[in-house]
Amino acid sequence: QFKPDESSFGFELFSSNSLVFEPNLRIPAPAGYILGPDDEIVISVYGYSEKKYDLQVNDQGEIYIPNVGPIAVNGLTIEAATEKIKAKLASTIYRAISSGQTKVQVTLGKIKSIRITVIGQAKKPGTFTVSSLTTLFNALYLCGGPTHMGSYRDIEVIRGNKLVQIADLYNFLANGDMADNIFLKEGDVIRIPYYKNRVKISGKVKREGKFEMLDSESLSDLLKYCGGF
């Protein structure tokens, strides 16, 4: 068991009763969401014709529409897939789409799962099966956050053996900045390294405790994090 260090700035994000980074699965797929195997696509045809299709993307990255055939959607955004599906339906069994008498709406039903791995100084390292709408901060919630030896400022996301993001939780704690909170993809590895520098401040400041500091930061940055004199 890792002992918690309640004096460390950022500890409150991952305390036992904190839900700050809890995954929220009741959200629509974001613009630019990339489709893949096991996603479910819901196609609603209405107007001159009425029909609803619940279709799952197969291992080959295709959906199959009866009397239309397979349509490859793997790697497409939901917007691009919508245009492709409309064009295919308009050229086959729903020709009234071209005149506007029949309309088509394409939405995402069930979403696929992905596997991610958390290594390093995490309270619960390991491999997690999560929703494909999971973000980096959601994953940190699931793994319990950094240990008392782990960094809050150099959290790495490794994708395809390449470093794609370095997250600094102090940006969020001090400024509410969520820019580092990227969506995760299948096979991503999250690495929490050991912290490099920690400074303890006490006395007549608003928040006494330990603060992880970057080499480029000075006393004025420390005073910003601790709330000032």
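Start with the contacts across the whole protein: taking those between residues at least 6 apart in sequence, 57% join residues at least 24 apart. What you have open is a predicted model.

Now show the protein as a cartoon. Its secondary structure comes to four helices and 12 strands. The radius of gyration is 23 Å, well over the 17 Å that the globule rule gives for 229 residues, so the protein is more spread out than a compact globule. Turn the view and follow the C-alpha trace, which spans about 75 × 30 × 30 Å along its principal axes.

Next, switch on the surface. The protein exposes about 12,500 Å², and carbon and sulfur atoms supply 50% of that area. Buried residues, those under 20% relative accessible area, make up 43% of the 229 residues.

Hide the surface again and look for an open sheet of five strands with mixed pairing, in the order β7-β6-β10-β8-β9. Select 126-131 for β7 and 162-167 for β9: these two strands stand at the edges, each with a single partner strand, so one side of each has no neighbour in the sheet. Looking across the sheet, you will find neighbouring strands turned by 25° against each other on average, direction ignored.

Strands of a sheet pair through backbone hydrogen bonds, either parallel or antiparallel. For a closer view, select residues 155-159, which form β8. How does β8 run relative to β9, parallel or antiparallel? The two strands are antiparallel, and five bridges join them.

For the last stop, pick Val 157 and show its backbone. Which residue in β9 is its bridge partner? Select Gln 165 and you have the pair.

Methods
Residues are numbered from 1 along each chain as its sequence is written. This is a predicted model: local features need pLDDT of at least 70, side-chain atom pairs count only at pLDDT 80 or more; totals for chains, interfaces and linings use all residues. Side-chain values use heavy atoms; hydrogens and water are left out. Two strands pair if DSSP finds at least two bridges between them. Axes are lines fitted to C-alpha atoms, for helices over the stretch in contact, and angles run from 0 to 180 degrees between N-to-C directions. The radius of gyration is taken over C-alpha atoms; the globule rule is 2.2 Å times the number of residues to the power 0.38. Buried means under 20% relative accessible area, exposed over 50%, partly exposed in between (1.4 Å probe, protein chains only). Contact means heavy atoms within 4.5 Å. Accessible areas come from the Shrake-Rupley method with a 1.4 Å probe; for residues, only the protein chains shown count as cover.
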